[in-house]
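Q: Could we go through this structure feature by feature, with the general idea of each reading set out before the particular case?

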Amino acid sequence: MGDATLPGLLTPGRLFIGGEWVEAESGKAFEVTNPAKGEILTEVAEGEAADVDRAVGAARQAFDSGAWPDTTPRKRARILWEIARGLEARKDEITRVETLQNGKPLFESGIDLDMTIETFEYYAGWTTKIEGATIPLSVPNQFGYTLREPVGVVGAIVPWNFPLNLASWKVAPALAAGCTVVLKPASETPLTALLLAEIAAEAGLPAGALNVVPGGGRTAGEALVAHEGVDKIAFTGSTAVGQRIAKVAADTVKRVSLELGGKSPNIVFADANIPFAARGAVTGIFYGKGEVCAAGSRLLVERSAHDEVVSAVAEGAGKMTVGDPFEKGTRIGAIVSERQMERVLDYIERGKTEGARVVAGGERVQELGPGYFVRPTVFDQVTPEMTIAREEIFGPVLATLSFEDVDEAIERANDTMYGLAAAVWTRDVKKAHYVARRLKAGTVWINTYNLYDAAMPFGGYKASGYGRDLGRHALEQYTETKAVWVDLRR
Ligand code: NAD
């Protein structure tokens, strides 16, 4: 099950504050587990409010002194580019550590790392292009222009499903804009964020520009959100925690962007290329063990194609190899933690008791215990009011519903508090675009699923959050716009 030896830096892991590796002030540490074995991997210093305070102090110093925001755009670009090179040079080590702490197959950690590298490269290109505008004013003899200035110190709080990649979605645009950052990774998966800190320092990032403070959400996370020295919180995680963050941040009127949960519909019309759509439905939910915010967890199928699609999807799910994430043929790795596995299994039980029919999986993979493995599970005959049709499970569980026509497909798809992503499968171009417009979701894929690009904005409608990661849109969240007036007469 993969070599569990970790780089020296991570045994034990410490906090990275002001360019130095430090212990937590309390002296406390927490354990990080390898979910594929149910074994402890290492310990990491546990940051709490006092450590967050130190990290914010270092980030403030790097910002207020101009150490990072006054670094020329060209130099900032070079440093971001060098971070990408540093990540690339340590690809084997990073992907191995990501798989050890998260349980995802090694090839998925490779895909994550590629996107992380792409994100740093993409924002390296932006540092020299963050421009203001000249404004045509109606007040006579005045010249007006805007400046785009970095917002200040950013607190980035990220979840455990794409630990390094989602960190890069915050850190890269924030640094590109000239902000400094305190990053709090999820306590399940702090290790690759620590590797990033080392790589960024080696790439020439000034001390204090990126600080990493692993720790609990209620302690370290909330201290960061409440801290007066933090100007903005960039959060990815659950909707419940996002609501809490928005409330706590309101006291200091911090800028907040929230990327939250989802219950994304995958809509298959009868005129789709059915084998292709079924494959897309399978990868749409089971990629990343279903621990993907945009997972296509509701499969909506046009009635006349229902049986054909469901049997193809169930067959596809049944063929997926669940097991050692370091084995080449493995498609589904271990659920990130025992707690998360129990949550997923509870939802499976609720699906059964509420009357849905299991057509694939439906249980823990006992023979792989003590690791936390769940079989890819497909439910048929799900009705809209069932729990598994409404709540985010965040695991390898698909709920299948049917619809009669385009209007009912749209109504069912939008019948959720979430609005992160959706997909439409059809050969009818007009129908595809019509449905795409009417879906309340931040991303719509047509005849595909789970594609991402650093240039394409990503984020939610409704309870899936506000603000956008990636693309030029993310930069707006890390800059303030200043309006400057000049009287041209005196
Ligand atoms: P979570 O909300 O429990 O935790 C996310 C992060 O917030 C962790 O670092 C955690 O320590 C921290 N946190 C927890 N309580 C906090 C508090 N009171 N104050 C400050 N920080 C706190 O989420 P999770 O279980 O780690 O991740 C799964 C969730 O993330 C799912 O709901 C998923 O949909 C969502 N997600 C969303 C996206 C997106 O882009 N929209 C991407 C990935 C995951």
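A: Let us start with a term that the domain interface will need: a polar contact is a pair of N or O atoms within 3.5 Å, where, within protein, one atom must be able to donate a hydrogen and the other to accept it. Please keep in mind throughout that this is a predicted model.

Q: How many residue pairs are in polar contact across the interface of domain 1 and domain 2?
A: Across that interface the rule finds eight residue pairs in polar contact, with both residues at pLDDT 80 or more. For salt bridges, which call for a side-chain nitrogen of Lys or Arg within 4 Å of a carboxyl oxygen of Asp or Glu, the number found across the interface of domain 1 and domain 2 is zero.

Q: Which helices each supply at least two residues of the side of domain 1 that touches domain 2?
A: Both α3 (91–102) and α4 (106–126) do so, and α4 gives the most to this side of domain 1, with seven residues. Sorted by class, the side of domain 1 that touches domain 2 holds 13 nonpolar, 10 polar and eight charged residues.

Q: Where do the two domains lie along the chain?
A: Domain 1 is made of two stretches, 8–260 and 464–482, while domain 2 covers 265–453. Their centres, taken over C-alpha atoms, are separated by 30 Å, and the contact draws 31 residues from domain 1 and 30 residues from domain 2.

Q: What area do domain 1 and domain 2 bury between them?
A: The two domains bury about 2,400 Å² between them, of which 63% is on carbon and sulfur atoms. On the side of domain 1, Pro35, Trp160 and Ser464 supply 22% of the area buried against domain 2, more than any other three residues.

Q: How should I read the open sheet of three strands, and what is its order?
A: In general, strands of a sheet pair through backbone hydrogen bonds, in either a parallel or an antiparallel sense. Here the order is β5-β6-β20, with antiparallel pairing, and the edge strands, β5 (134–135) and β20 (479–487), each pair on one side only. Strand β6 (residues 142–150) pairs with β20 over nine bridges in the antiparallel sense, and Glu149 stands opposite Glu480 in β20.

Q: How many salt bridges does the rule count, and what does one of them look like?
A: The count comes to 30 salt bridges, including one in which the side chains of Asp64 and Arg60 meet at 3.0 Å, N to O. Both Asp64 and Arg60 lie in helix α1 (residues 49–64), four residues apart, which is about one turn of the helix.

Q: Which residues are joined by a cis peptide bond, and what is omega there?
A: One such bond joins Thr11 and Pro12, with omega about -5 degrees, and Pro12 has its place in the segment before β1 (15–17). A cis peptide bond also joins Gly369 and Pro370, with omega about 5 degrees, and Pro370 is found in the loop between β14 (357–360) and β15 (377–380).

Q: Is phi of Asn141 positive or negative, and where is this residue placed?
A: Phi of Asn141 is near 60 degrees, a positive value in a residue other than glycine, and Asn141 has its place in the loop between β5 and β6.

Definitions and conventions. Residues are numbered from 1 along each chain as its sequence is written. This is a predicted model: local features need pLDDT of at least 70, side-chain atom pairs count only at pLDDT 80 or more; totals for chains, interfaces and linings use all residues. Side-chain values use heavy atoms; hydrogens and water are left out. Domain bounds come from an automatic or database domain assignment. Contact means heavy atoms within 4.5 Å. Buried area is the accessible area (1.4 Å probe) that two parts lose on being put together, summed over both. A polar contact is a pair of N or O atoms within 3.5 Å; within protein, one must be able to donate a hydrogen and the other to accept it, and residues adjacent in sequence count only if both atoms are side-chain atoms. Ala, Val, Leu, Ile, Met, Phe, Trp, Tyr, Cys and Pro count as nonpolar, Asp, Glu, Lys and Arg as charged, and the others, Gly among them, as polar. Two strands pair if DSSP finds at least two bridges between them.
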